[in-house]
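Subject: A structure for you to look at

Hi,

Here is the structure I promised to pass on. Have a look at it first, then read on for what turned up in it.

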Amino acid sequence: LLGPPLVGQRRVNKFFIGLGNDPGIQCWKVGPTSNKLAQVTENGPLTGHFHVLDTYLFLHTSTNGPVFHQIHVWKGHLSDWAIYDKATELSHDLSNSLSGISQIYKEIQGLESDRFASYFKSRLLSYHQSINKPFTQACLYELSGTHIVRCAQASLGVKQFTPTMMYMLIYQKTMYLWIGPQASEHLKMSVYNIALQIREREKMTSFLVINPNQNNEAFNSALRIVERQSLKSFSKIYQSVHNTNT
């Protein structure tokens, strides 16, 4: 009888044979069927920017001493659970195909492990409706965390801002940074560094720090416009997910 190839006495997915020989990180986007497994080579998940509708399979290989593999299955909060289950199966196939020691971790958006976050610069994990060009579209981002900084697209008014968090609003080449009065110093330092990198990369013309105790009409006006755009976008995504699941 023909079947999946064997490594020792373990059945593996032939897609994974020969992987894990070089140090570093690899990533695959997992689709709805067994043959839907596409390797990610561009920026995005490899740099800590994730699509909330996707599920990813990561392989991190360390060759300092004995070869050691860490496998992570990541699920966006709007991705399908059936695809996540498939990705979990694939993680075991991947583990079976590797030489050396391997461990499997399950990562859910917003609940990622320290080990997973350590793969990415500044321990920043950001979640997007689109990762073609992160931080370029008009959008409001909510940033939180102490050891790990998480950045998610948000849709809420300034009256709903949480004092322990920070918020970054991007609109028409202007970046507004709202600092929660109870935000930790680590969060402030991390967000400042991230904001400066984005400003330089995207050639922002203005960078404004917003005092929560003062009214800034330009910020409030931009926020209202972005809120309306975000609500429309969230509505389209919700409808897309609803149609997929029915």
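A word you'll need straight away: a residue is called buried when its relative accessible area is under 20%. Phe50 has a relative accessibility of 0%, so Phe50 counts as buried. Please also keep in mind that this is a predicted model.

**Aromatic rings**

Let's stay with Phe50 for a moment. Its ring pairs with that of Tyr56: the centres are 6.1 Å apart and the planes sit at 50°, so this pair is tilted. Tyr56 is buried too, because its relative accessibility is 1%. Both rings belong to one aromatic cluster, made up of Phe50, Tyr56, Phe58, Trp74, Phe116, Tyr119, Phe120 and Tyr127.

How many aromatic pairs are there by this rule? The count comes to 21. Another one to look up is Phe16 with Trp28, where the ring centres are 5.9 Å apart and the planes meet at 80°, so that pair is edge-to-face. This pair links distant parts of the chain: Phe16 sits in the loop between strand E2 (10-11) and strand E3 (24-30), while Trp28 is in E3, and the two are 12 residues apart. Phe16 is buried, with a relative accessible area of 0%, and Trp28 is buried at 0% as well.

**Strand E7 and its partners**

Next, find strand E7, which covers residues 68-75. Is it mostly covered or mostly open? Mostly covered: 7 of its 8 residues are buried.

E7 has a partner in strand E6 (residues 55-62); the two run antiparallel and are joined by 8 bridges. If you want a place to start on screen, Thr55 stands opposite Lys75 in E7. E6 and E7 make a hairpin with 5 residues between them, and Gly65 in the turn has a positive phi of about 90°.

E7 also pairs with strand E8 (residues 101-108), again through 8 bridges, but here the strands run parallel. In this pairing, Gln70 stands opposite Gln103 in E8. How does the chain get from E7 to E8? Helix H1 (residues 81-97) joins in, and E7, H1 and E8 together make a right-handed β-α-β unit.

While you're in this area, click on His60, which is found in strand E6. Is His60 buried or exposed? His60 has 18% relative accessibility, so it counts as buried. Leaving aside neighbours within four places in sequence, His60 is in contact with Gly24, Ile25, Phe68, His69, Gln70 and Tyr119.

**The E10 strands**

Further along, strand E10 (139-144) is worth a look. E10 and E11 run antiparallel with 5 bridges between them, and they form a hairpin with 4 residues in between. In that turn, Gly145 has a positive phi of about 115°. E10 also pairs with E12, in the antiparallel sense, over 5 bridges. Tyr141 is a handy marker for both pairings: Tyr141 stands opposite Gln153 in E11 and opposite Met168 in E12.

**The largest nonpolar core**

Which residues have the most contacts inside the largest nonpolar core? They are Phe135, Tyr141, Met166, Met168, Ile170 and Ile198, in a core of 20 residues. Strands E10, E11 (149-154), E12 (166-171) and E13 (174-179) and helix H3 (185-202) each supply at least two residues of this core. H3 gives the most, with 5 residues.

Take Ile198 as an example. Not counting residues up to four places away in sequence, Ile198 touches Phe135, Met168, Ile170, Met175, Lys203 and Met204.

**Cysteines**

Finally, how many disulfides does the structure hold? The number is 0. The cut-off to know is that the two sulfur atoms must be within 2.5 Å. Why is Cys139 not bonded to Cys151? The sulfur of Cys139 is 8.3 Å from that of Cys151, its closest cysteine sulfur, and that is too far for a bond. Both residues are buried: Cys139 because its relative accessibility is 3%, and Cys151 because its value is 1%.

Happy exploring!

How values were computed
Residues numbered from 1 in each chain as written. Predicted model: local features only at pLDDT ≥ 70, side-chain atom pairs only at ≥ 80, totals over all residues. Heavy atoms only, no water. Buried < 20%, exposed > 50% of the residue type's maximum accessible area, 1.4 Å probe, protein only. Pairing = 2+ DSSP bridges. Right-handed = clockwise from strand over helix to strand, strands pointing away. Contact = heavy atoms within 4.5 Å. Core = buried A, V, L, I, M, F, W, Y, C linked by side-chain atoms within 4.5 Å. Phe/Tyr/Trp six-rings, centres within 6.5 Å; stacked < 30°, edge-to-face > 60°.
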